[in-house]
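Work through the exercises below with the model in view. Try each task before reading its solution.

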Amino acid sequence: MTELIIAEKPSAAEKVANGIAKHPKEHNERGVSYYEFTNDGGEQVFVASAVGHIFTLEEVEKGFEYPTFDIEWIPSYEADDDAKYTKKFYRVLDDLQKKADTFTLACDYDVEGEVIGYNVLRFICQEPDAHRMKFSTLTPADVEQAYQDKDDHIDWGQAKAGETRHHLDWMYGINLSRALTKAMKRAGRFTMMSSGRVQSPALKIVADKEKKIQAFEPTPYWLVKADIQGDDETVTVDYTDNKVWDEDEADTIVTTCEEAHIATVEDIDERFWKQKAPAPFNLSSLQSEAYKVLNISPKQTLQLAQDLYSAGYTSYPRTGSQKLPKSIGYESILDDLKDQDKYNDLASDLLGKSTLSPNNGKKDDPAHPAIYPTGEEPTGLSEREQKVYDLIVKRYFATFGEPATRKTTEITFDIEEYAFDTKATKTVERGWHKYYEPYLRYKEQEITDLDEGQHVSLMETYADEKETKPPRRYTKASLVKELEKQELGTKATRANIVENLYDRGYVDGKSLEATELGLKLATTLEEHIPEIVSPELTQQFEEAMQDIREEEDNPDSVLDEAESTLLEILDTFKEDEETIGEELLESHEAMRKRKNTLGACPNCDDGDLMKKDGKYGQFAACNNYPDCETTFSLPDDAKIVPTDKMSDTGHPMIKVVQKGKSPQTISVNPDDNMTGDVKALLDKVESGEIEIVDDESGSKMVVREGPYGKFLGAEDYPDVKRIIDPEDIIDDYRDQL
């Protein structure tokens with residue numbers, strides 16, 4: 001008998017093979033590695049991998065009409081040029097399945113992993129079922145145990161629920177996006193628009209917040225404060241009633257208190273309280289914490305956590321659980337972490353406790369525990385991977401810590417029968433705090449040592465005028481949390497949904513600000529087809545997919561209902577298609593103009609430099625052309641972002657963002673981007689006063705001009721393709737300038 005084990009990714013295939021066998025033989029076919037060994041039963045075993053989704057849904061008959069529902073799974077490399085690399089994995093799996101008699105899925109144990117494995121199983125292996133390995137870490141011990149305990153069947157609930165989700169997302173995404181795009185075309189411009197089953201309710205959440213911010217009218221108020229002299233310092237105390245909404249009342253309090261020269265300590269309240277250790281990380285709380293303390297976006301955090309899992313350093317990240325079961329081996333993990341120099345002291349301290357019991361949270365996940373380190377020592381981590389790994393380790397430590405004891409002291413003062421107070425909190429017993437540094441975000445505040453009835457000097461009383469603030473915009477992390485709260489999307493998809501809002505131009509900024517187009521789209525959808533932006537419809541289907549997973553519903557009935565609902569929505573949409581298109585087009589054009597306006601033209605009174613695309617790449621040109629013929633080249637293959645800043649010579653400054661490079665802020669005028677010495681060097685090269693010959697090619701270098709400014713290029717170009725950055729050689733010629 002020969003067995004084929006199917007993993008989700010190449011790194012996982014290697015971990016699975018090495019977890020089951022001590023020395024599996026590695027083969028390489030078409031640049032793809034797979035592994036071979038003989039198991040304890042004497043059977044030949046191959047371990048090979050997919051590379052994520054190597055199948056995708058596609059229309060049976062391609063077109064741009066809607067509604068469309070006739071779809072099928074096809075190899076990803078047939079549908080998308082960017083997925084051509086998946087073809088070699090497909091072929092290796094196809095070759096190996098011909099040698100196999102039995103099959104085992106070892107993809108990630110979640111809905112997406114089940115769909116990936118199920119598609120390989122039925123479309124490549126031509127098999128109706130397989131054994132199923134289940135594991136939460138890729139450590140050798142867990143993999144070997146999962147192989148010994150493998151189920152006789154795949155998880156049919158996960159497979160059917162996952163496939164149903166793909167069908168639903170395709171069905172809604174394609175049809176709604178085509179409807180919006182055709183509406184725009186009818187209004188006069190062909191512009192690809194995007195909508196989706198979860199994306200649209202997510203956009204409405206952001207848009208509703210933006211509308212509240214725009215409608216907000218600030219209300220003035222006054223904060224009355226007094227400065228008193230303590231034993232060693234001046235202490236600021238606040239009027240107890242906090243905000244004073246009437247200016248005359250604030251003035252009266254200040255005037256009355258100014259007549260006093262002392263404040264009397266009326267009451268001192270000291271309260272000691274216990275602060276429980278934090279619960280273990282699930283994906284949502286890890287994403288939120290990484291954003292707060294590491295400034296890493298939810299999408300990036302998920303990818304980093306997935307990489308750590310694939311390398312065997314942490315457990316499976318796509319979990320909703322806040323619980324760490326005893327079965328993971330608390331002491332064993334701490335023993336392994338103790339061998340890492342960085343964690344030796346903290347791990348040893350915890351191992352000295354009489355009992356180890358994590359402060360488990362309420363949320364559970366039947367498939368996987370909370371996120372935890374496996375204890376394997378990482379090697380070759382990137383800076384960001386190391387940061388996320390450290391955060392996961394420290395959180396694991398902290399969950400076993402004792403509660404911290406904190407003391408809050410509140411002192412109330414009497415000033416001319418007006419009550420003022422001050423409050424401070426400090427940690428008196430660190431408990432779990434010592435395990436979670438440097439990620440604590442608690443202020444440690446001392447308060448001056450006073451006694452009840454004591455008189456202290458009153459230095460000054462004053463009122464600070466303030467205004468009420470509008471609601472705060474969502475961050476990427478807080479929107480992910482809100483999507484989870486409203487049960488929109490899944491653990492694995494929420495971060496991508498947020499990024500899609502940016503990619504489509506519907507939101508902008510670090511704090512999510514709905515753009516003109518995003519606001520208009522949310523408003524238009526709510527007015528004409530409110531079901532699409534309402535969370536209720538999406539929640540209804542999420543519940544249905546959970547029922548499928550638990551085998552309490554079937555995919556056909558859910559998809560039939562979804563198709564029927566969508567047909568009704570699209571019929572309504574078509575009635576208002578032209579109106580919808582006109583409304584969206586106006587906002588789209590306004591946003592397009594704003595994003596392409598780089599700043600005032602330096603050569604005419606009322607013109608603006610606009611970013612344009614030409615035959616030879618991007619350039620900036622005055623919108624008063626042909627009356628004003630001002631133009632500047634712009635860097636190719638780069639995103640150009642306006643900055644609202646001007647150079648010293650009156651030219652707009654732009655931010656240039658290129659993949660793999662740090663953003664640069666430069667002037668559209670290349671001469672502004674040169675230092676005086678560099679400009680002098682280039683002037684002398686052009687005049688012939690200085691001759692520069694490239695040591696490597698022997699070619700004379702001449703001055704050329706590009707979108708970033710002037711540079712030195714080979715005179716013999718294109719035969720000699722050498723360039724020199726003048727900044728790199730300026731020191732060699734400084735004495736000739």
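**Exercise 1.** Find what links Phe55, Tyr77, Tyr90 and Phe123.

Solution. Ring pairs join Phe55, Tyr77, Tyr90 and Phe123 into a cluster. Rings of Phe, Tyr and Trp (its six-membered ring) pair if their centres lie within 6.5 Å; planes under 30 degrees apart are stacked, over 60 edge-to-face, the rest tilted. The model is predicted: local features need pLDDT of at least 70, side-chain atom pairs count only at pLDDT 80 or more, and totals for chains, interfaces and linings use all residues. Residues are numbered from 1 along each chain as its sequence is written, and side-chain values use heavy atoms, without hydrogens and water.

**Exercise 2.** Classify the ring pair of Tyr309 and Tyr316.

Solution. The whole structure holds 18 aromatic pairs. In this one, the ring centres of Tyr309 and Tyr316 are 5.2 Å apart and the planes stand at 80°, so the pair is edge-to-face. Next, check burial (buried is under 20% relative accessible area, exposed over 50%, partly exposed in between; 1.4 Å probe, protein chains only). Tyr309 has 1% and is buried. Tyr316, at 1%, is buried too.

**Exercise 3.** Which strands stand at the edges of the open sheet β21-β22-β23?

Solution. Start with the order: 3 strands, β21-β22-β23, paired antiparallel. β21 (639-646) and β23 (664-667) are the edges; each has a single partner strand, so one side of each lacks a neighbour in the sheet. Neighbouring strands are turned by 30° against each other on average, direction ignored. Strands are DSSP runs (E, at least two residues), numbered from the N terminus; two pair if DSSP finds at least two bridges between them. β22 (652-657) and β23 pair over 4 bridges. Met653 stands opposite Ser667 in β23.

How values were computed: Axes are lines fitted to C-alpha atoms, for helices over the stretch in contact, and angles run from 0 to 180 degrees between N-to-C directions.
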